[in-house]
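Work through the exercises below with the coordinates open. Each task is followed by a solution in steps.

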Amino acid sequence: MISLQEARRIITDSLAPLPAVNLPLAEALGSALAAPVLADAWYPSGDRATMDGYVIRSGQETGEFTVVGELQAGSIPGQPLAEGQAIRIFTGALVPEGGGMVIPQEMAERSGDTVKIPIFPELRFIRAKGSEAQPGAIILPSGSRLGPAELAMLAQVGAVHPSVVRRPVVRHIATGGEIVPPDQTPPEGKIRDTNTTLLHALLGQQGVSSVSSSHCADDPAALADLCAGPCDLLLISGGASVGDYDFGAEALRRCGFTIHFNKVNLRPGKPLTFATKGSQAAFVIPGNPVSHFVCFHVTIRLALELMSGIAPSWSFLDVELSDGTILKTDPRETFWPARVEPADGALTVSPLRWSTSGDTFSLAGTNALLQVNESSPSGNRVKTLLLAAPF
Ligand code: AMP
Ligand code: MG
């Protein structure tokens with residue numbers, strides 16, 4: 001049985017970013033740039049006012065000026081500013097030739113065509129031409145992940161179809177004769193399929209929306225047929241273990257996949273299988289929903305990040321356990337569902353009730369996983385993988 005660290009290394013060595021595609025900005029949230037984005041012009045394109053007020057020449061001696069015109073954002077300045085003149089100007093407007101500083105209107109006293117400035121400000125209140133970016137400057141390097149701020153930058157430079165690493169197309173197969181869709185009342189002995197909903201939501205949180213799901217009885221030939229469908233990432237729920245009806249790995253082999261590992265020293269989620277075929281990756285995930293949740297965050301997310309050209313996120317916070325909590329060390333690498341909350345300006349973490357990995361109800365409110373293993377310190381701090389902002 002391999003360690004989780006070894007499993008993550010194998011996944012990392014086996015997967016590469018998918019080819020680049022051009023996406024409209026509205027579909028690019030969460031993707032990684034496949035090429036740098038350059039500024040197409042000067043930003044700002046000229047000196048611009050940063051306040052509503054009056055623009056004057058710099059180095060003026062007198063405090064009284066004649067207002068000779070008005071400049072709104074978007075208008076083109078006319079004649080240069082002469083000594084003793086001021087032009088009414090609004091935020092974002094281009095500063096006329098000769099304009100050296102903008103006096104905010106709060107610091108000016110207007111009376112008819114005259115404006116008086118009792119005290120000159122120390123700041124110029126002008127964004128200088130090219131002070132933010134010059135033509136050809138790299139504003140975002142290749143590999144940058146596109147969040148709201150980065151998308152706004154692309155919009156600003158007119159890069160409306162950026163070249164990004166294609167997000168994986170995911171195919172999901174829920175296996176098991178005991179599974180019925182969640183909108184049905186399960187007959188005696190059967191259960192509702194919770195993993196399909198769970199995986200769609202987990203994938204959606206990672207910005208992966210191209211997901212198709214199907215159901216398969218525990219039949220290796222039928223499962224192999226389904227596995228042959230086109231996709232970048234194949235996720236099989238259930239059938240991961242060594243029971244008589246666990247056919248996940250066998251179906252993948254029949255389909256031409258190479259199995260890299262089928263057991264990891266991980267709790268929950270030990271019978272996890274990882275396989276590849278060319279650029280395709282596949283996981284067979286132990287059927288219990290808590291195992292799905294943990295396997296997703298500690299392995300499948302890594303595969304998604306690698307295929308998407310995104311720098312893998314795997315950083316732990318050292319968080320104080322909530323009052324009275326004692327965690328035992330564990331020979332298995334255990335990831336315990338937990339909730340991190342801010343308390344008195346710091347974070348504390350409480351492990352959630354978790355009895356068996358089939359207990360979906362115990363996942364309510366989870367925003368972190370506690371890492372407990374042989375070398376976990378016995379003190380009141382614990383290594384915590386934060387999954388979402390703690391509020
Ligand atoms: P398996 O990995 O197929 O042996 O399944 C382990 C446990 O997870 C069994 O109790 C299954 O009934 C349960 N299970 C498998 N698939 C699902 C699913 N899609 N939704 C909820 N529970 C499941
Ligand atoms: Mg099963």
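**Exercise 1: polar contacts of the ligand**

Task: in this predicted model, find the distance from an oxygen atom of ligand 1 to an N or O atom in the side chain of Glu-178, then look for backbone partners of the ligand at Thr-194 and Asn-288.

Solution. Step one: the separation between the ligand oxygen and the side-chain N or O atom of Glu-178 is 2.5 Å. Step two: a nitrogen atom of ligand 1 has a backbone N or O atom of Thr-194 at 3.0 Å. Step three: at Asn-288 a backbone N or O atom is 3.2 Å from an oxygen atom of the ligand. Step four: on its own, ligand 1 has 480 Å² of accessible area, and the protein covers 76% of it.

**Exercise 2: the ligand's surroundings**

Task: state which residues come nearest to ligand 1 and how the shell divides by class.

Solution. Step one: there are 13 residues around the ligand, and Glu-178, Asp-193, Asn-195, Gly-239 and Gly-287 come nearest. Step two: the shell has three nonpolar, six polar and four charged residues. Step three: the site of ligand 1 is the largest pocket.

**Exercise 3: an aromatic pair**

Task: give the count of aromatic pairs, then classify the pair formed by Phe-65 and Phe-120.

Solution. Step one: the count is five aromatic pairs. Step two: the ring centres of Phe-65 and Phe-120 are 6.5 Å apart and the planes stand at 85 degrees; angles over 60 count as edge-to-face, so this pair is edge-to-face. Step three: Phe-65 belongs to strand 5 (residues 64–71), while Phe-120 is in the loop between strand 9 (114–116) and strand 10 (126–127), so the pair ties together parts 55 residues apart in sequence.

Notes
Residues numbered from 1 in each chain as written. Chains lettered and ligands numbered in written order. Predicted model: local features only at pLDDT ≥ 70, side-chain atom pairs only at ≥ 80, totals over all residues. Heavy atoms only, no water. Near = heavy atom within 4 Å. Polar contact = N/O pair within 3.5 Å; in protein donor to acceptor, adjacent residues only side chain to side chain. Areas by Shrake-Rupley, 256 points an atom, 1.4 Å probe, with all protein chains shown as cover. 1 Å grid on protein atoms, 1.4 Å probe; cavity = no way out; pocket = protein on both sides within 12 Å on 5 of 7 lines; lining within 4 Å. Sits in = over half its atoms within 2 Å of the grid points. Nonpolar A, V, L, I, M, F, W, Y, C, P; charged D, E, K, R; others polar. Phe/Tyr/Trp six-rings, centres within 6.5 Å; stacked < 30°, edge-to-face > 60°. Helix = DSSP H or I, 4+ residues; strand = E, 2+ residues; numbered from the N terminus.
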